[in-house]
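Let's take a friendly walk through a protein model together. Have a look at the picture first, and then we will follow its strands and a few unusual spots in its backbone.

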Amino acid sequence: MKKRKVIDIDLNNILTANALISKMSKAGGFTGRLVAEGVDIIEDMIRDSSCKVFLSFPAAPIATGLRGVFKELLKRKLVDAVITTCGTLDHDLARTWASYEEGDFHLDDKILFRKGYHRLGNIIIPKEAYGPLLEKRLQPFFKDMYSKGVHEFAPYELGYYLGKYVRDESSILYWSWKNKIPVFIPGIMDGAVGSQIWLFWQQHKDFMVNIIKDEEAISKIIFDAKKSGAIMIGGGISKHHTLWWNQFRGGLNYATYITTAVEYDGSLSGAEVREAVSWGKVKPKAKQVTINGDATALFPLMIAALIERLSRK
């Protein structure tokens, strides 16, 4: 075990996120040091020109201001592919066309329901800003797609079409289209956008989502990559799909994972990155770290420090 003296964090002359992260890396404990290590690993994978970088996350953070951090990663072309859930499409589109509101974890959900609000943690979503709005905007959009001869498409292609359609710089899908960074959605039907596809299909039976095309596009990235890295927020299908595909190239070379789940129930969300080594999804000698904490608190600090580092010549 490498021994290193614990250095107290000196809050004098700390002017930037990276300066704080650098001091956290020498402070010894506990999660703070792992946060600093996570920034180092993300920087390493991005600076490695031979590495393809995957970003995975579930939908819930897109209902929060963390959406802006993910957007910045795509805008700056710091990742090569995104793997997420259908809800990311839902929230990205809904927040492009309407607004969500701050709430509280302890609000009365029965009252919220009567007043026409959905609660997502401590975020409040007006009902008219979600399902009805998406139906109003997406049904004409699908009709236009169909009339132009697009009858079959991959989920990542739908992301491009939607990004071109919204043309809003706050949107993750816009930057996906603008910079041709695919957003892969293995569970495309599990959300409001998926339901709208199903609804349009009722009258257009040849209007189809081809999820195999997503898998083919992912495989090309995987098998062409000399190295691969992953920035993973939360678990579920997004994390699993990222790890699953990387096993076919012998595992990830770099991995930073942020989670609030525990590993003792055997869940994928709680499984630390080191568990994936036993499956061949992460290389035994990979640079990897698992960080326990809320990504809405940790990830903005990490990426702010990263961007500062990358801006240096």
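## Strands and backbone surprises

H118 stands opposite I125 in β5. That is a good place to begin, and please keep in mind that this model is predicted.

H118 sits opposite a strand that has company on more than one flank. Strand β4 (residues 117-120) runs antiparallel to β5, and four bridges join them. Strand β3 (residues 101-102) also pairs with β5 in the antiparallel sense, over two bridges. In that pairing, E102 has I123 of β5 as its bridge partner.

How are the two faces of strand β5 (residues 123-126) covered? On one side lie I123 and I125, on the other I124 and P126, and all of these residues are buried. I123 is therefore both a bridge partner of E102 and a buried residue, because its relative accessible area is under 20%.

The hairpin of β4 and β5 has two residues between the strands, and G121 there takes a positive phi near 65°.

Now let's move on to another sheet. Six strands form an open sheet in the order β7-β2-β1-β9-β10-β11, and their pairing is parallel. Its edge strands are β7 (183-184) and β11 (282-292), each of which pairs on one side only. Along the β7 edge, two bridges link β2 and β7 in the parallel sense. There, V82 has V183 in β7 as its bridge partner.

Next come the backbone surprises. Most residues other than glycine have a negative phi, and most peptide bonds are trans. With that in mind, here are two residues that go the other way.

| Residue | Phi | Relative accessibility |
|---|---|---|
| K77 | near 60° | 57% |
| R167 | about 45° | 52% |

Where do we find K77? K77 lies in the loop between α3 (67-75) and β2 (81-83). R167 belongs to the loop between α7 (155-166) and α8 (172-179).

Are these residues buried or exposed? K77 counts as exposed because its relative accessibility is 57%, with the cut-off for exposed being over 50%. R167 has a relative accessible area of 52%, so R167 is exposed as well.

One last surprise concerns a peptide bond. G29 and F30 are joined by a cis peptide bond, with omega about -25°. F30 has its place in the loop between α1 (17-24) and α2 (31-47). Try finding this bond in the structure yourself!

Terms used:
Residues are numbered from 1 along each chain as its sequence is written. This is a predicted model: local features need pLDDT of at least 70, side-chain atom pairs count only at pLDDT 80 or more; totals for chains, interfaces and linings use all residues. Side-chain values use heavy atoms; hydrogens and water are left out. Buried means under 20% relative accessible area, exposed over 50%, partly exposed in between (1.4 Å probe, protein chains only). Two strands pair if DSSP finds at least two bridges between them.
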